[in-house]
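Biologist: I'd like to learn how to read a protein model. Could you show me one and walk me through it?

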Amino acid sequence: MEETNAPNTNGTFDYALHCAVTANWKDLTVGSPITAMQVEYRTGSARSLQYLKLWCSSLRGHWQLICEYWMKPTGTHQQGVTFANTYSSTGLVRMLDVIMRHQEAFPQLSADLLNGLVQIAAPSATQTTTANNHMTETLERITSRNSGGTITAAMRSAAGHSALEN
């Protein structure tokens with residue numbers, strides 16, 4: 001059996017983040033020799049996420065910020081995704097928006113855990129396909145709870161399934 005390189009709890013928040021990054025790896029690594037990424041997040045007192053940050057590494061022990069996602073704006077950052085340097089990924093933005101806005105769709109984060117870290121190694125083609133499929137299923141499940149079962153073309157495209165019907 002092939003190593004999935006992901007947490008083994010398919011319905012969790014961590015696994016959704018892992019799959020979102022894996023599915024958009026190519027967008028994020030264009031022209032860069034990135035070998036690993038990690039998502040760090042901070043949970044607030046209401047057990048919902050305040051923010052997450054995505055980091056990349058092409059040299060062991062050296063990390064660069066790719067983007068941040070903040071749930072609420074403050075004087076130092078805006079709400080939503082902000083990319084650093086020349087990084088960008090429309091698919092990642094769409095996936096993070098759905099994941100972050102529908103945190104209740106995932107099992108409750110531990111009451112003891114305020115910080116989380118999800119580490120992702122460079123995926124194989126099979127792992128990327130698996131991540132795309134998982135994100136399509138996750139997006140369909142979330143949108144079926146919130147909009148009568150429809151999933152937008154943009155969400156399908158973000159998960160690599162633009163040919164699917166609405």
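Modeller: Sure, let's begin with a word we'll need a lot: a residue is called buried when its relative accessible area is under 20%. Take F106: it has 6% relative accessibility, so it counts as buried. Keep in mind that this is a predicted model.

Biologist: How much of the chain is buried overall?

Modeller: Of the 166 residues in the chain, 44% are buried. As for the outside, the accessible surface is about 9000 Å², and carbon and sulfur atoms account for 50% of that.

Biologist: What about the overall layout? How many helices and strands are there?

Modeller: You can find 5 helices and 5 strands. Walk along the sequence and they come in the order α-α-β-β-β-β-α-β-α-α. To see how the chain folds back on itself, look at contacts between residues at least 6 apart in sequence: 56% of them join residues at least 24 apart.

Biologist: Which residues touch the most other members of the largest nonpolar core?

Modeller: The general idea comes before the case: in soluble globular proteins, nonpolar side chains tend to be buried together. Here the largest nonpolar core has 37 residues, and M37 and L54 touch the most other members. Several elements supply at least two residues each, including α2 (25–28), β2 (49–59) and α4 (125–146). The biggest giver is α1, with 8 residues.

Biologist: What does M37 touch?

Modeller: Leaving out residues up to four places away in sequence, M37 touches V21, W25 and L28, among others. Its list also includes L54, W63, I66 and V118.

Biologist: Back to α1. Why is it described as largely enclosed by the rest of the structure?

Modeller: Count its buried residues: 10 of the 11 in α1 are buried, so the rest of the structure largely encloses this helix. Among them are F13, L17, H18 and V21. H18 is a good one to click on: with 3% relative accessibility, it counts as buried. There's also a lesson about sequence versus space here, since H18 and M135 are 117 residues apart in sequence but 9.9 Å apart in space, C-alpha to C-alpha.

Biologist: How do I read a helix like α3?

Modeller: Start with a general rule: an α-helix has 3.6 residues a turn, so residues three or four places apart point the same way. Now look at α3, where the buried residues include L92, M95, L96 and I99. For length, its 12 residues reach 17 Å from first C-alpha to last, close to the expected 16 Å.

Biologist: And aromatic rings? How many aromatic pairs does the structure hold?

Modeller: There are 3 aromatic pairs. To judge one, check the angle between the ring planes: over 60 degrees counts as edge-to-face. The planes of F13 and Y41 are at 85 degrees, with ring centres 5.5 Å apart, so this pair is edge-to-face. It joins distant parts of the chain, as F13 is in helix α1 and Y41 in strand β1, 28 residues apart. Both F13 and Y41 are buried. F13 also pairs with F106: their centres are 5.8 Å apart and their planes at 80 degrees, so that pair is edge-to-face too. This time the partners are 93 residues apart, with F106 in the loop between α3 and β5.

Biologist: Which residues form one aromatic cluster?

Modeller: F13, Y41 and F106 do. One last thing to look for around F106: the charged end of R141 sits over its ring, 5.7 Å from the centre.

Technical notes
Residues are numbered from 1 along each chain as its sequence is written. This is a predicted model: local features need pLDDT of at least 70, side-chain atom pairs count only at pLDDT 80 or more; totals for chains, interfaces and linings use all residues. Side-chain values use heavy atoms; hydrogens and water are left out. Helices (H or I, at least four residues) and strands (E, at least two) are DSSP runs, numbered from the N terminus. Buried means under 20% relative accessible area, exposed over 50%, partly exposed in between (1.4 Å probe, protein chains only). Contact means heavy atoms within 4.5 Å. Accessible areas come from the Shrake-Rupley method with a 1.4 Å probe; for residues, only the protein chains shown count as cover. A nonpolar core is a set of buried Ala, Val, Leu, Ile, Met, Phe, Trp, Tyr and Cys residues joined through side-chain atoms within 4.5 Å. The expected span of a helix is 1.5 Å times one less than its number of residues. Rings of Phe, Tyr and Trp (its six-membered ring) pair if their centres lie within 6.5 Å; planes under 30 degrees apart count as stacked, over 60 as edge-to-face and the rest as tilted. A charge sits over a ring if NZ of Lys or CZ of Arg is within 6 Å of the ring centre and within 35 degrees of the ring normal.
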